[in-house]
Amino acid sequence: MADLKEACGVFGIYDLDGGNVVPSVYYGLTALQHRGQESCGLAVSKTDGEIGNIQFHKDLGLVSEVFRKDTLEKMSGDIGIGHVRYSTTGASVAENAQPLVLSYIKGTLALAHNGNLVNTRELKWELIQNGAIFHTTTDSEVIAFHIARERVHSKSVEEAILKTARKLRGAYGLVVMSPRKLIGLRDPFGLKPLCLGRRGNTYVLASESCALASVGAEFIRDVEPGEMVTISRNGVESNKELSTEKHAHCVFEYIYFARLDSVLDGVGVYDARIRGGKSLAKSYPVEADLVTGVPESGIPAAKGFSEASGIPFGLAFYKNSYIGRTFIKPTQKERESSVHMKLSVLDSVVKGKRIVLVDDSIVRGTTIANLIHMLKKAGALEVHVRICSPPFLYPCYFGTDVPSNDQLIASSHTTEEIRQMIGADSLGYMKIDYLEGMAGGLPLCKACFDGKYPMDVE
């Protein structure tokens with residue numbers, strides 16, 4: 001329930017038997033809808049048709065809103081990519097929706113990108129000096145233009161992508177569609193997730209394994225940090241020239257972003273959140289009658305807290321699934337009113353009880369303050385808040401829209417001050433030392449908590 005915009009979601013599919021992949025892209029994007037609800041798009045091509053004839057459709061809105069039945073029926077291809085987006089760079093306008101489709105001297109290229117670069121400005125300036133004209137304000141277009149430029153002097157699109165990737169600094173999970181190849185690329189730190197699946201003679205690339213399951217594909221493996229995977233008539237080929245020993249997986253995939261049924265880099269998201277809740281119970285024990293979580297990501301953590309503490313677990317909120325996410329509301333007042341539209345308290349569950357309320361994070365503090373007020377209004381005697389992440393102290397530059405320091409409540413207030421401001425009876429944050437244990441021992445990027453970025457940022 002954090003006031004955070006999420007990483008985007010990417011999806012790619014290639015049916016080597018020539019079947020139409022449009023329905024699969026649609027279902028894959030629907031499974032990734034939690035990663036971006038601002039805009040979406042898909043691009044498809046026929047590998048045995050007119051080379052470079054890409055059909056694409058994209059717009060602002062949810063997958064079910066943007067892709068009507070008649071739109072999808074007009075599109076057909078055996079290779080395709082798709083994207084769901086939240087704007088972490090670039091404005092919330094239709095022009096910035098992805099995939100990006102380019103026509104250039106070597107043919108066509110379509111690209112979908114999850115993540116953020118930290119050297120966009122210098123890469124863009126290099127292109128502008130050579131006459132490039134940009135149609136979007138995203139760093140994804142900068143990547144696409146560099147690939148197109150490198151392709152002119154390269155033997156293959158893979159070589160052009162590798163040359164471009166050597167210039168990129170930041171986080172990226174990329175899927176690229178050329179006329180006869182589907183290519184996936186993951187940044188060397190593994191900040192953004194990407195995995196590979198298979199359904200018969202069809203191969204799939206996706207941000208999360210839940211998207212593979214949605215199209216009946218079997219999970220093969222995660223794309224490794226720094227690895228490029230090429231799917232063509234020759235099957236699957238791997239290139240690890242960009243691989244490094246240092247990895248830094250985004251901690252927030254396990255706390256909040258990823259869907260509960262996904263497995264990222266060998267770690268089940270549900271299990272990670274259960275472990276997080278258990279750590280909180282050990283760190284901040286409390287006498288209470290009921291443990292509950294803020295839907296959705298707070299629920300498994302609350303269950304873990306309950307298991308470790310012995311305090312019964314229960315659902316205290318009903319969630320209206322048909323209301324958009326609170327953080328897309330432009331003003332604070334609208335954001336607050338939408339919390340009430342989205343969640344309602346089950347009065348009979350909380351009345352007369354001491355409640356432990358578990359949530360994934362506190363950003364500005366307004367959402368959790370509203371929920372505490374709602375619980376107490378419904379008759380809760382006490383509300384003890386437990387947060388599955390440490391306090392946010394630093395901005396994120398890699399595709400998570402953590403706001404600037406002046407909007408981060410923890411950057412200017414102590415835990416006790418925050419407790420008073422949100423109206424909680426007690427407040428405990430996850431200890432930073434427990435995060436890697438929660439994520440199954442993976443090396444993590446925790447820069448939004450400790451300021452230690454895995455690479456130099458301006």
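Select strands β8 (residues 181–186) and β12 (residues 228–232) in this predicted model: the two pair in the antiparallel sense, and four bridges connect them. To find the register of this pairing, pick out isoleucine 183 of β8, which stands opposite threonine 230 in β12.

Keep β8 selected and add strand β7, residues 173–178, which runs antiparallel to β8 and is joined to it by six bridges. The link between β7 and β8 is a hairpin, and two residues make the connection. Which residue of β7 should be labelled opposite isoleucine 183? It is valine 176, so that isoleucine 183 serves as a reference point on both sides of the tour so far, with valine 176 across from it in β7 and threonine 230 across from it in β12. If β8 is then coloured by accessibility, is the strand mostly covered or mostly open? β8 is mostly covered, with five of its six residues buried.

Move next to the open sheet of seven strands, whose order is β3-β2-β4-β1-β10-β9-β11 and whose pairing is antiparallel. Select β3 (55–60) and β11 (218–222) to mark the edges: each has a single partner strand, and therefore one side of each is left without a neighbour in the sheet. Looking across the strands, the viewer should show a twist that averages 15° from one strand to the next.

Within this sheet, select strand β9 (residues 195–199) together with strand β10 (residues 202–206), which run antiparallel and are joined by five bridges. A convenient pair to label here is glycine 197 and valine 204, since the glycine stands opposite the valine of β10. When side chains are switched on, it helps to remember that in a regular strand they alternate between the two faces of the sheet.

Finally, turn to the helices and select α5 (residues 139–151) and α6 (residues 157–165), whose axes come within 8 Å and cross at roughly 125°. Angles from 65 to 115 degrees count as roughly perpendicular and those over 145 as roughly antiparallel, and α5 and α6 are therefore oblique to each other. Their crossing is right-handed. To display the contact, show Ile143, His146, Ile147, Glu150 and Arg151 on α5, and on α6 show Val157, Ala160, Ile161, Lys163 and Thr164. Coloured by residue class, the contact of α5 with α6 divides into five nonpolar, two polar and three charged residues.

Note on methods: Residues numbered from 1 in each chain as written. Predicted model: local features only at pLDDT ≥ 70, side-chain atom pairs only at ≥ 80, totals over all residues. Heavy atoms only, no water. Buried < 20%, exposed > 50% of the residue type's maximum accessible area, 1.4 Å probe, protein only. Pairing = 2+ DSSP bridges. Axes fitted to C-alpha atoms, helices over the stretch in contact; angles between N-to-C directions. Parallel < 35°, antiparallel > 145°, perpendicular 65-115°, else oblique. Left-handed = near helix turned anticlockwise from the far one by under 90°. Contact = heavy atoms within 4.5 Å. Nonpolar A, V, L, I, M, F, W, Y, C, P; charged D, E, K, R; others polar.
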